Amino acid sequence: RGPLSTSHAGLIVFRLIGNPELFFVMVYVCIAGSLTIPGLPQELMLKDILALGLIGLGLIKFLVSKPPIRKEFGIARLSGFALMVVIIVHMAVRGWGLRALSGELWGGMAYVRVFIAFGFFVASDLVQLTEKKWRHLFAWSAVTSFIPGLAQATFLLSGGALYQQYMFVRVEAWALRQSLYASLSETGVVRYHFMSGIANTITMIGLVVAKWKYLFFLILISIPVALISGFRTAILMQLLNLGFFALLYSNRNRLKRIGWMISGCLLCLLLLAPFVDKLPLSFQRTLSIIPFYHVSEIARSDAFGTVEWRLEIWRIMLKNIPDYLFIGRGFAAESELFFTVNPRYASSAEFAYYVHNYHNGPLGMLLDLGIFGLISVTIFMVSSSIDVIRYKKLFNGDNFMNRYYSYLISIYLSQVIIFFVFFGDTMSYVPSMMFSLALIKALVRTRKEELAAAMPEEADVDGAAKILRNGRGSIAVTPT
């Protein structure tokens with residue numbers, strides 16, 4: 001009893017080194033909770049440190065035993081390596097942008113996050129989880145996903161007096177400051193960022209734990225919660241997630257699932273219509289995109305003000321793209337920009353351009369990493385999207401594994417569409433999608449191992465077309 005001894009600490013480290021699955025699970029639990037470490041840069045989160053542990057194990061195993069490269073997501077893997085080469089070239093030409101190197105450029109941590117995310121994607125080949133461990137990962141991720149919401153709620157309810165929780169939880173300082181100002185002054189729209197995360201958790205729990213037949217009731221809960229956030233992308237994400245799940249979960253009852261979803265969405269809109277102008281301003285801001293809703297002028301002005309702001313950013317981007325067609329701007333920016341004290345300039349489209357806050361995935365990638373960066377990312381996302389749909393045929397029946405895989409690929413495909421069409425932030429979306437794809441890849445591997453264990457030795461595991469399924473998830477195999 002007493003302080004943690006050296007032998008105990010060594011035992012913990014040894015346990016982690018010998019258990020890549022534990023690293024893997026902890027990474028996604030930390031992602032769900034947006035957990036960080038006091039003293040480290042906010043951009044370098046706890047999941048990045050844990051991911052480096054798995055990458056280290058992968059390198060050791062590769063040097064010692066040289067395991068064969070797995071076949072899953074081969075094109076995405078190659079295009080990812082191509083993207084790493086593009087990034088290294090840009091770092092050499094445009095500068096590293098790391099504060100630790102005492103340069104004039106900052107923001108280079110974005111490079112580090114992409115390297116870590118892709119390294120983790122490759123190193124996840126080490127991971128082999130059982131269904132029990134997948135259930136643990138799901139449960140703990142659901143629990144920790146409420147942490148960011150509790151952190152912001154505590155901050156706003158205390159009038160900003162309680163902020164110490166952000167020593168351990170990542171914070172978007174500008175967004176938090178805007179929400180606090182609007183809350184205290186009662187003159188603006190308070191955006192509840194944490195509500196979008198809670199809506200995602202409700203959707204995840206509902207789709208994975210419950211049966212698809214409850215999809216209608218799930219919509220009646222998750223969509224209003226997303227609306228409260230004040231972000232239009234939050235409601236868009238919910239609709240895309242639910243739509244992809246209804247479409248991809250199973251060939252059986254597909255039209256019925258789509259019908260339930262459409263009916264639920266229409267019912268939500270009809271129920272809200274009579275009293276939409278009496279709802280909180282954040283609610284009205286999200287609904288302002290619907291033409292026949294009578295929302296307050298404050299909410300409408302706030303919503304469409306950001307539309308004009310984005311259009312101005314994109315005009316600046318289009319003007320400058322020809323200068324960065326082959327070698328982009330890179331991710332780093334002049335360090336003096338981060339010390340601006342002029343709030344009007346800090347919220348301008350010009351400032352957003354200089355700090356790479358583009359709100360446009362394809363244009364942002366083209367401007368930052370040039371045409372070769374855009375091609376690499378496009379191949380990565382398109383090829384992986386095709387693969388996640390193709391591997392869906394390995395999962396069948398009304399069971400946890402099928403529901404969880406269907407949910408994960410629905411999230412992933414929604415992210416791809418949002419990146420290319422609606423929002424897309426290069427520095428955050430690309431690493432996030434690499435982590436998401438690593439999770440999907442590990443689940444595919446688990447399913448293949450399950451099928452291999454259930455098959456006779458002469459069966460072709462990768463020949464998914466030879467796996468015949470019945471409606472309850474059992475399998476029969478046609479031997480080769």
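Reader: In which loop does S34 lie?

Author: This is a predicted model, where local features need a pLDDT (the predictor's confidence in each residue, from 0 to 100) of at least 70, side-chain atom pairs count only at pLDDT 80 or more, and totals for chains, interfaces and linings use all residues. Residues are numbered from 1 along each chain as its sequence is written, and side-chain values use heavy atoms, with hydrogens and water left out. Helices (H or I, at least four residues) and strands (E, at least two) are DSSP runs numbered from the N terminus. On that numbering, S34 lies in the loop between helix 2 (20-33) and helix 3 (46-65).

Reader: What is the phi of S34?

Author: S34 is not a glycine, yet its phi is positive. The value is about 50 degrees.

Reader: Is H359 buried or exposed?

Author: H359 sits in the loop between helix 16 (349-354) and helix 17. Its phi is near 60 degrees, a positive value in a residue other than glycine. A residue is buried under 20% relative accessible area, exposed over 50% and partly exposed in between (1.4 Å probe, protein chains only). Because its relative accessible area is 12%, H359 is buried.

Reader: Which helix gives the most to the nonpolar patch?

Author: Patches are made of residues with over 30% relative accessible area and no salt bridge (a side-chain nitrogen of Lys or Arg within 4 Å of a carboxyl oxygen of Asp or Glu); like charges are joined within 9 Å, and nonpolar side chains (Val, Leu, Ile, Met, Phe, Trp, Tyr) within 5 Å. Here I75, L325, F326, F372, I375 and I379 make a nonpolar surface patch of about 570 Å², with accessible areas taken from the Shrake-Rupley method with a 1.4 Å probe and, for residues, only the protein chains shown counted as cover. Three of its residues come from one helix, the one that gives the most: helix 17 (residues 361-390).

Reader: What is the relative accessible area of F372?

Author: F372 belongs to helix 17. It counts as partly exposed because its relative accessible area is 47%.

Reader: With which side chain does the side chain of R403 make a polar contact?

Author: R403 is in helix 18 (residues 400-422), and it counts as buried because its relative accessible area is 10%. A polar contact is a pair of N or O atoms within 3.5 Å; within protein, one must be able to donate a hydrogen and the other to accept it, and residues adjacent in sequence count only if both atoms are side-chain atoms. At 2.7 Å, the partner of the R403 side chain is that of D398.

Reader: Which residues is S141 in contact with, leaving aside its neighbours within four places in sequence?

Author: S141 is part of helix 6 (residues 131-144), and it counts as buried because its relative accessibility is 8%. Contact means heavy atoms within 4.5 Å. With the sequence neighbours set aside, the residues in contact with S141 are Y28, V29 and A32.

Reader: Which element of the protein has the lowest mean pLDDT?

Author: The protein averages a pLDDT of 80, and 81% of the residues score at least 70. Among its elements, helix 17 has the highest mean, 94, while the lowest, 38, belongs to strand 4 (residues 475-477).

Reader: How many contacts does the stretch 458-480 have beyond near neighbours in sequence?

Author: Over residues 458-480 the pLDDT is below 50. Where pLDDT is low, the predicted coordinates should not be read in detail. With that caution, the number of contacts in the model for this stretch, beyond near neighbours in sequence, is 47.
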